[in-house]
Amino acid sequence: MEGLSGKRILFVVTKSNWGGAQVYVYKLACRFKEAGAIVSVALGGTGLPGSDTGLLAARLTEAGIPFHVIPSFVREISFKEELGAFRGLRELIRRERLDVLHLNSGKAGLLGALAGRLERIPRIVFTAHGWAHRESRSIVWRMVVWKGAWFTVLLCHAVIVLSELDRKAAPALLRKRKIHIVRNGAAVGSLHTREEARRFLAPTIPELERLPKWVLMTAELTRNKGVDLAIRAFAGVSTNLDDTALVVVGEGEDHAELTKLIADYRLQKRAFLLGFVPDAAKYLVAGNVFVLPSRKEGLPFVLLEAGLASLPVIASRVGGVPEIVDHEKSGLLIRTGDVDGLADSMTRLLTNPDEAHALGEELNKVVRERFSEEDMLSGTASIYLKK
């Protein structure tokens with residue numbers, strides 16, 4: 001990462017909860033600061049108007065990285081809020097005298113790219129953490145979002161995508177030269193034993209302590225992550241495997257709805273929403289099987305972390321997931337929204353521990369060889385320094 005020393009870099013991300021985009025920003029900000037860059041972050045709250053800042057802000061404070069709150073950054077589209085966010089960003093960008101403006105997420109990308117161009121920032125980079133126009137929504141909504149993404153690509157000097165699929169789906173038209181694939185990467189860290197991890201995650205849930213097999217999922221509780229699909233699939237699995245629990249680590253706007261869904265299926269003693277757990281990757285070894293039935297993904301860090309924990313994974317064939325998991329070799333892939341396929345895959349791995357172990361070991365090998373954190377950092381730094 002030579003050449004970053006003294007460079008003034010501002011990262012912009014719409015929300016400050018602890019999801020994939022926020023983990024990405026945190027990793028880059030910390031490591032580039034260590035390389036001598038002058039780093040800061042602009043962020044919103046946790047998605048709703050007037051919401052407090054989330055864990056990203058706390059982690060940045062611990063790391064000694066200054067951050068600036070843009071209160072008008074909210075999840076839903078509102079002309080008033082977008083105008084406020086644009087003005088706040090432009091003032092901040094003008095004040096910071098930047099060398100690099102690195103934008104993350106669709107809303108931050110569009111508003112930040114326009115503000116950056118008006119302030120003549122020499123290097124504007126946008127990372128697409130999965131293209132929103134590929135979501136299963138109305139044609140009108142997807143057309144509007146596609147145009148916004150196209151305009152973002154037009155305004156930026158370089159665009160980072162996380163997978164080959166996102167490179168092909170980029171709304172770049174004749175500007176494909178701007179698109180660069182830099183895949184997410186994970187660093188090998190310390191892991192607890194399964195017993196230690198389970199004691200930490202469930203110290204006061206007797207029903208969970210008595211169940212020896214865990215289907216584990218770590219995700220923000222939003223529709224895109226497919227937690228509802230995991231619950232519906234597990235409802236079928238639980239009738240045949242009475243020694244198994246579904247354990248979901250994470251928090252989000254759908255918590256109440258998912259709690260009701262668990263009650264509707266009478267799974268209160270078999271399915272558990274544990275809430276947000278800091279440094280959850282350390283505790284993934286608590287699971288026997290890891291699931292990620294997402295409706296939308298970029299290239300999820302959680303699958304890389306599951307791989308480093310040698311967990312067998314079941315995931316939707318969406319976004320960059322097939323570039324991590326090779327079906328039947330390093331995990332199992334299902335069609336997006338396929339509840340029956342997810343249930344069958346859960347049953348298969350839970351009742352075939354030798355196969356599950358082999359898949360987990362192979363995924364561990366793949367992640368260590370192809371998805372290193374150092375490659376992610378050096379690849380991103382090289383894009384900053386291109387002329």
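**Entry 1: a helix over the sheet**

I started with helix H2 (residues 55-62), which lies across strand S1 (8-13), strand S2 (38-43) and S3, and runs at about 160° to S2. I noted at the top of the page that this is a predicted model.

**Entry 2: the sheet itself**

Next I asked myself in what order the strands of the sheet come. I read the order as S3-S2-S1-S4-S5-S6-S7, with 7 strands in an open sheet and parallel pairing. Strand S3 (67-69) and strand S7 (179-181) stand at the edges; each has a single partner strand, so one side of each is left without a neighbour in the sheet. I also looked up the twist: on average, neighbouring strands here are turned by 20° against each other, direction ignored.

Then I zoomed in on the S7 edge. Strand S6 (residues 158-161) runs parallel to S7, and 3 bridges join the two. I found Val 161 opposite Ile 181 in S7.

**Entry 3: two helix pairs**

A reminder to myself: two packed helices are described by the angle between their axes and the distance between the axes.

I took helix H1 (residues 20-34) and helix H14 (residues 373-385) to begin with. Their axes come within 11 Å and cross at roughly 75°. I therefore put H1 and H14 down as roughly perpendicular to each other. On the H1 side I listed Tyr 24, Lys 27, Leu 28, Arg 31 and Phe 32 as making the contact. H14 brings Glu 373, Glu 374, Met 376, Leu 377, Thr 380, Ala 381 and Tyr 384. Sorted by class, the residues of this contact are 7 nonpolar, 1 polar and 4 charged.

Then I turned to helix H9 (residues 227-238) and helix H10 (residues 255-264), which pack at an angle of about 10° with their axes 10 Å apart. That makes H9 roughly parallel to H10. Val 227, Asp 228, Ile 231 and Arg 232 of H9 meet Leu 258, Leu 261 and Ile 262 of H10. I counted by class again: 5 nonpolar, no polar and 2 charged residues.

**Entry 4: a pocket**

I finished with the second largest pocket, whose volume is about 250 Å³. Which residues lie nearest its centre? I noted Arg 194, Asn 288, Pro 312, Ala 356 and His 357, out of 15 lining residues. Helix H12 (339-350) and helix H13 (353-370) are the elements that give two or more residues to this lining. H13 gives the most, with 4 residues. As for class, I wrote down 9 nonpolar, 3 polar and 3 charged residues in the lining.

Terms used. Residues numbered from 1 in each chain as written. Predicted model: local features only at pLDDT ≥ 70, side-chain atom pairs only at ≥ 80, totals over all residues. Heavy atoms only, no water. 1 Å grid on protein atoms, 1.4 Å probe; cavity = no way out; pocket = protein on both sides within 12 Å on 5 of 7 lines; lining within 4 Å. Points joined across faces, edges and corners; volume = space filled by probe spheres on them. Nonpolar A, V, L, I, M, F, W, Y, C, P; charged D, E, K, R; others polar. Axes fitted to C-alpha atoms, helices over the stretch in contact; angles between N-to-C directions. Parallel < 35°, antiparallel > 145°, perpendicular 65-115°, else oblique. Contact = heavy atoms within 4.5 Å. Pairing = 2+ DSSP bridges.
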